[in-house]
Amino acid sequence: MTDLYSRVMRYLSVDHPTLALKQLPVAMAFAIGIALILLVPDVIVVHELAASIGIGVMVGATVLAAIFTRVERLERYAIAIPLLDLIAIGFFRLGTGGGSSVFSALLILPVVWIAAERGRRHIIIAAVGTAVAMFLPLITVDVPSISSSDLLRGFFSPFVFAIAAAIINELSRQSRVQLESIRRLADDKEVILQRTVEFANQLQDSEAQIRAGDRLFRNVWAAVTEQSIIGSSVTGLIDNWNAGAEKLFGLSSEETEGKRYIFEFHVAAELNARSRELNYPPGETVLNPGFSALVESARLGRAESREWTYVRDDGTEVPVLLSVTKRVDDAGNTSGYLFVASDVTQSREVARLKDEFVGLISHELRTPLSSILGYLELLRDDEDNPLSDEQNHYLSVAERNAHRLLRLVGDLLFTAQVESGKFPLDSHPIELDRIVSAAVESARPVANAAGITVEQVLPDVTPWVHGDAIRLGQACDNLISNAIKFTPRGGIVTVALAAHNGSAEITVRDTGMGIAASELDQLYSRFFRASTATRNAVPGVGLGLTITKAIVTAHRGELDVESEEGVGTCFSVKLALIAAPAPV
Amino acid sequence: MTEAPPRRVVVADDDADIRALVAISAKRAGFDVVASVEDGDKAWLAIQEHVPDLVILDVAMPGMTGLEVCKLVRADARLSETPVLLLSAAVDEVSRAAGEAAGAQDYLAKPFSPRALVAWLTNEFSGEND
């Protein structure tokens, strides 16, 4: 139904009527005129030739209109059709009595057509067209006589038609303007409607996303049962309390949210001690000073994890590792804090057991080794029964292996100490060149036995660093003995010490078997052994570099490595230089 | 010319072999080992009984620890001049400091060299021999 309507309207559209459609009323009115002549006896043809020309031209104009409608490029000559209509009507009018013809009124149809076209020039075209329609038949056909009234009509009618054309032209211009603005409004409305629909769709999508995000958040929040997550306002009033907190404290969110303050669940003495550490004099802040101490780092935008003690309402205490972060609103202002805590009771117990175990190992392994080494020494020192060279050699082997075992126990203990954070450093200003020289000298016997040259490069000026001489010596020993172990006979190990840009750098370079690039990042892991080490049956357990790394890190230094398989490896230790102490 | 009587020492360590090793070293340095016991309580009884010239104590022992015995020795007026040497398998500075705080003369880390122990004993009492 709508389809049919739109098709008809397209044909009859006043916006874009086809030429054929415009010609239709003229042709029909003309046809009615012919019918009147044939049917009404009073209406007669006075000049057959003129009437015939009129009919012919009209038929021609109608045919042209049909052609022009089909052939688009001819459309710009469309104005010719109403002009031809005017001429046809002019001849027909003359043929049916001229001034007395009943068909003079037909002239108005093409005039309206022309005048309704866009542009004021069509007023002139309409006037001239009318004049031509009046005079052309008079000149071209042989008429008995031209009366003065015919002439007068010939001038007057175009004048009247011109006025009518002007009015029509103006009215149609105005209607066109109105039509256009209506169309524009309609277009705008269409655009706005489309946008509204788009916005509505976007809104729907966003809402779905928000709902999905919200659902995810709720699920995650409910899933965290092993960590206590508590949210508070900027004053410490609790506004969020998760399942983990419920489990830890045995309190529900209804009992705490909006009713309790976070610092009520802390050991007051701990908070006070921390606020003293941070120099918060009591009364200085409107907030609870303990709370200020608790959120100090978070307030300044730093994430902080620190051990605190939570206290339950029944007075029992729970050691926790607590991370405090701030919450911000849309404007970026702090709107509160989040306290994420893990119960460390168990891990503390594990650490305690580990320490106990380490102590036990320390005692139980070192005591028999003490006996072995002590009695071996007694044997060697027995002046009453001196040993043969061969026996002395056997003793050395036993002693060497006992010492090896002792070193291994020492390394194990040391890594355990490093892991538990109980790694004592006895730091003083020390001369690094002495440490390096001592390490090189103590490595020479082993290097000589292995057929490896050890070269030493020392700076002219002594580099001083602040450190533990024994531990740094141990680090150098480890790097040099590694270099020797991993270098084949005939190779060179270069130990260099240099000072530049405020730091001292010890480099230990070898011409050994190297380390695969893929293994470099595991090098400092406990008990890690490079594939080149296992492949070449280099002895060791994989603790030396772990210890070296720990020592260098404890000195706030850097340990770096460069290596190429089959070419060699270079380890470098960087330590901060200090000024040489004034001589005493 | 009469020879001075040998100096008397009480040795305590829960490990019999170490105890014997210390005793041998002490004898080589000219000491008379008047008691060699395996725990802190027995050590304190022996010390009170013998009022020795020197006490050598293992730090980690059953009963009273070496540090506890050392404190008792220091608190006893009769023993105020008696030096105490502590032996320990622990190597860190904290233990050494604890030994010093308890009033020990010196602290020897295990494993120790008997040669070094003899030298220490000889050196510690050399001034009195003159």
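These legends walk through a few close-up views of a predicted model.

**View 1. Where chain A and chain B touch.**
This close-up is about the contact, which takes 16 residues from chain A and 17 residues from chain B. On the chain B side, α1 (16-28), α4 (93-102) and α5 (114-129) each supply at least two residues. Look for α1(B) to get your bearings: four residues come from this helix, the largest share of the side of chain B that touches chain A. As for character, that side of chain B divides into 10 nonpolar residues, six charged and one polar.

**View 2. The largest nonpolar core.**
Here we're looking into a core of 39 residues, the largest nonpolar one. The members that touch the most other members are Ala88(A), Ile89(A), Phe91(A), Val111(A), Ala115(A), Ala126(A) and Ala165(A). Several helices of chain A give two or more residues to this core: α2 (19-39), α3 (48-70), α4 (80-95), α5 (108-116), α6 (121-140) and α7 (148-223). Nine residues come from α4(A), and that's the largest share. There is also a second, separate core, with 37 residues that include Leu85(B), Leu86(B), Ala89(B) and Phe112(B).

**View 3. Zooming in on Val111(A).**
What does Val111(A) touch, leaving aside residues up to four places away in sequence? Its partners are Ala126(A), Thr130(A), Phe161(A), Ala164(A) and Ala165(A). Val111(A) and Ala126(A) are both among the core members that touch the most others.

**View 4. α5(A) against α6(A).**
The axes of these two helices, α5(A) and α6(A), cross at roughly 160° and come within 8 Å. α5(A) and α6(A) are therefore roughly antiparallel to each other, and their crossing is right-handed. From α5(A), the residues to pick out are Val111(A), Ile114(A) and Ala115(A). They meet His122(A), Ile123(A), Ile125(A), Ala126(A), Gly129(A) and Thr130(A) in α6(A). Count up the kinds of residue in this contact and you get six nonpolar, three polar and no charged.

**View 5. α15(A) against α17(A).**
Further along chain A, helix α15 (residues 469-485) packs with helix α17 (residues 544-554) at an angle of about 145°, their axes 9 Å apart. This time, α15(A) passes α17(A) in a left-handed crossing. On the α15(A) side you'll find Arg471(A), Leu472(A), Gln474(A), Ala475(A), Asn478(A), Leu479(A) and Asn482(A). Facing them in α17(A) are Gly544(A), Ile547(A), Thr548(A), Ile551(A) and Val552(A). The mix at this contact of α15(A) with α17(A) is six nonpolar, five polar and one charged.

How values were computed: Residues are numbered from 1 along each chain as its sequence is written. Chains are lettered from A and ligands numbered from 1 in the order in which they are written. This is a predicted model: local features need pLDDT of at least 70, side-chain atom pairs count only at pLDDT 80 or more; totals for chains, interfaces and linings use all residues. Two residues are in contact if their C-beta atoms, placed from the backbone, lie within 7 Å. Ala, Val, Leu, Ile, Met, Phe, Trp, Tyr, Cys and Pro count as nonpolar, Asp, Glu, Lys and Arg as charged, and the others, Gly among them, as polar. A nonpolar core is a set of buried Ala, Val, Leu, Ile, Met, Phe, Trp, Tyr and Cys residues joined through C-beta atoms within 7 Å. A residue is buried if 20 or more other C-beta atoms lie within 10 Å of its own, exposed if 12 or fewer, and partly exposed in between; C-beta atoms are placed from the backbone. Axes are lines fitted to C-alpha atoms, for helices over the stretch in contact, and angles run from 0 to 180 degrees between N-to-C directions. A crossing is left-handed if the near helix is turned anticlockwise from the far one by less than a right angle, and right-handed if clockwise. Angles under 35 degrees count as roughly parallel, over 145 as roughly antiparallel, 65 to 115 as roughly perpendicular and the rest as oblique.
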